[in-house]
Structures are given as structure tokens and as C-alpha cells.
Amino acid sequence: MIVVADALNIISRSGGAFASRWAHVVVGIMWIGLLYYFNFVQVPAFAEMEAAARNNALDKLAWRALWWFRWAAAATVVTGFLILAFQPGNGAKIQLFDMDYLKTAPGMAIATGILLGLTMFANVWGVIWRNQKIVIANARNVQAGGEADPAAAGAGRKAAMASRQNAIFSFTLLLFMVGTGHFFGINQYFNQLPTGGNRGGYWAVVLVIWLVLELNCLGVIGGRGPGGTNIIYDTHKAALITGLVLVVVFYATFYIFLKV
Ligand code: HEM
């Protein structure tokens, strides 16, 4: 009986929120783990490989990794919204429709994380996968003795810039994902009910930083070449350092506008 009652608890609100949270972390690890594999392992390794070996790896390895990568990204978004759908908001409302929650410190933290997560998801499907399809098709064609596609190198660069930007965003995303329940929402040093002015100031700074970085990885600000504002994508070490600096910048912004 106890086992049945416990099993039924899974479909209760708190059980549903917990199950979604568990699934969210599993698929989130799968997505971001593969993102780090691409950025810190595959791209540097491919740069050292001979063209024939690289084409074979694109054909046999990279497309498999990309399959798990893009579907894990989709599953992360779905399970993330499931947490909001199960988690109780104010009164009877579910958290997803609780606009007052978004005005609290944890609400602002999770909204920032979701902004970055949805942007990264759009980069995965709209830029990385779209362009990697061209790169993989070219590798397969060349392997089969066909002509190289002149558009492949440009497509690879577009995917690489978005991928490095996602790696940069990912550290800050995790700051807010994990920080919502375990830091920003329970910390006495943060104002749990910030004023409209403080919320507006916070969002103004966050949205500008977010927009500039996203436009930059799309080539709108610094084009597609190396150097200039694209210096942050020139090496995986540059992306790593930029990602860590961004964590400090976002944390400082949160602190400045939400400290008690
Ligand atoms: C893209 C859209 C995403 C949405 C809508 C979303 C949504 C959420 C929500 C609602 C929570 C619960 C916050 C709370 O109340 O404590 C959460 C937590 C979390 N998310 Fe996400 N998330 C997204 C992306 C990601 C990604 C890409 C990762 C990468 C691994 C991730 C990892 C986590 C982790 C580790 C937690 C903390 C779980 C805990 O502390 O209990 N999320 N997310």
C-alpha cells in the first residue's frame, strides 16, 4: 500500500515538479555536456585532423553527437516548462502563469536563466544544426568522391560562432538555474521583493548585454572574421574566459540592483 501511495505521489503537484526537475537536470546535462564536448574536444581535435579523417568523423561521429545534442536541447526546454507547470505559484495558480513570481528575486533569477536557455535553444536549432547539416552533407559528398561545396566553410564558421556563444552563455545560465532554488531565493542579502525601479534597472542592463552578445555571434556586429569583437570566439580558451567573466558581470548586476 505504501509503495502504491508513494507511486501516486509522483503525479501530485510536488511529485510532478520533482520528476520534471530530475528529468530536466538529466537532459540538461546531456545537452550542455555535448556542448562542452563540441567546444573543448571536437573542434580543437578536428582542427588538427587531416581532411579525410575529419570527413569520416563528421559522417560517423559528429552527426550522432548532434542528434543527441539537439533533441536533448528540446527536452531541456520542455522539462524546464514542466517544472513551472507543476510548481505551485501564489495561491492556486501554477508558477508558469504567476506573473507576481517574476517580480521576486528567485523569479528574476529563473527568468534570466530561461532567457539565456531559450536563446541557446534557438542557436542550436536555428544556427548550429542548420549549418552543420551543410557541413556534414559536404563531408559525405567529398568522401563519396564528389565536388566540395564552397559554402561549407562559411556554414562551419556560423555554427562555430553560435556554439562558442552558447558555451559562453552556459555558465551564467547555470548560475541562475541552480541559484534560483538554492541561493538567490533564500539569501537574506537579496531583496526578495525588489522595487519596480530596481527590476527595470536590472533588466535594462541584462537585456543590453544579452542582445549585444547574441547579435555578435550572429555576425551582425563584428561580421564573421576573426579578431575585433569576435575575439571571444577565436579560441575555446577565449570563450571559456569570456564565459567566466560573464558570470561575474551578471552576478554583480543582480547584486547591485537586488541587494537589501
Ligand atoms: C531552456 C529553457 C529552460 C527552462 C524553461 C528552464 C527552467 C527551469 C526551472 C523552472 C527550474 C526550477 C527553478 C527553481 O524553482 O528552483 C530550473 C532549474 C534548473 N535547471 Fe533549467 N531551464 C532551462 C534550461 C536549462 C539548461 C540548458 C540547463 C543545463 C543543464 C538547466 C539546468 C537546470 C538545473 C541544474 C536546475 C536546478 C535544479 C535544482 O536546483 O533543483 N536548465 N530550470
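Trainee: Of the contacts in the protein chain between residues at least 6 apart in sequence, what percentage join residues at least 24 apart?

Mentor: The figure is 77%. Keep in mind that this is a predicted model. The chain has seven helices and zero strands, and its C-alpha atoms fill a box of roughly 65 × 55 × 25 Å along the principal axes.

Trainee: What makes the site of the iron atom of the ligand octahedral?

Mentor: The site has six donor atoms, with angles of 85 to 179 degrees among them. Six donors count as octahedral if opposite donors are over 155 degrees apart and all others are between 65 and 115. The site is classed as octahedral on that basis.

Trainee: How do you know that His24 and Met177 coordinate the iron atom of the ligand?

Mentor: The atoms concerned are NE2 of His24 and SD of Met177, at 1.9 to 2.3 Å from the iron. A donor here is an N, O or S atom within 2.8 Å of the metal, so both atoms qualify.

Trainee: What does this pair tie together?

Mentor: Histidine 24 belongs to helix α2 and methionine 177 to helix α5, so the pair links parts that are 153 residues apart in sequence.

Trainee: Why is histidine 24 called buried, and why does methionine 177 get another label?

Mentor: Histidine 24 has a relative accessible area of 15%, and buried means under 20%. Methionine 177 has 24%, which lies between that limit and the 50% above which a residue is exposed. Methionine 177 is therefore partly exposed.

Trainee: What makes the side chains of arginine 21, glutamine 87 and histidine 182 polar partners of the ligand?

Mentor: An N or O atom in the side chain of arginine 21 is 2.8 Å from an oxygen atom of the ligand. The corresponding distance is 3.0 Å for glutamine 87 and 2.7 Å for histidine 182. A polar contact requires N or O atoms within 3.5 Å, so each of these pairs counts. The elements giving two or more residues to the shell around the ligand are α2, α3, α4 and α5, and α5 gives the most, with seven residues.

Trainee: How do you know that threonine 112 is buried, and what does it touch?

Mentor: Threonine 112, in helix α4, has 0% relative accessibility. That is under 20%, so the residue counts as buried. Beyond its neighbours within four places in sequence, threonine 112 is in contact with Phe176, Tyr202, Trp203, Val206 and Phe250.

Trainee: Tryptophan 71 is in helix α3. Why is tryptophan 71 neither buried nor exposed?

Mentor: Its relative accessible area is 44%. Since buried means under 20% and exposed over 50%, tryptophan 71 is partly exposed.

Trainee: Which residues touch the most other members of the largest nonpolar core?

Mentor: They are Trp31, Phe69 and Phe254, in a core of 50 residues. Helices α2, α3, α4, α5, α6 and α7 each supply at least two residues of this core, and the largest share, 13 residues, comes from α4. Setting aside residues up to four places away in sequence, tryptophan 31 touches Phe69, Ala72, Ala73, Thr76, Gly117, Met120, Phe121 and Val124.

Terms used. Residues numbered from 1 in each chain as written. Predicted model: local features only at pLDDT ≥ 70, side-chain atom pairs only at ≥ 80, totals over all residues. Heavy atoms only, no water. Core = buried A, V, L, I, M, F, W, Y, C linked by side-chain atoms within 4.5 Å. Buried < 20%, exposed > 50% of the residue type's maximum accessible area, 1.4 Å probe, protein only. Helix = DSSP H or I, 4+ residues; strand = E, 2+ residues; numbered from the N terminus. Contact = heavy atoms within 4.5 Å. Donors = N, O, S within 2.8 Å, 3.2 Å for Na, K, Ca; no water. Tetrahedral: all angles 85-135°; square planar, octahedral: opposite > 155°, others 65-115°. Polar contact = N/O pair within 3.5 Å; in protein donor to acceptor, adjacent residues only side chain to side chain.
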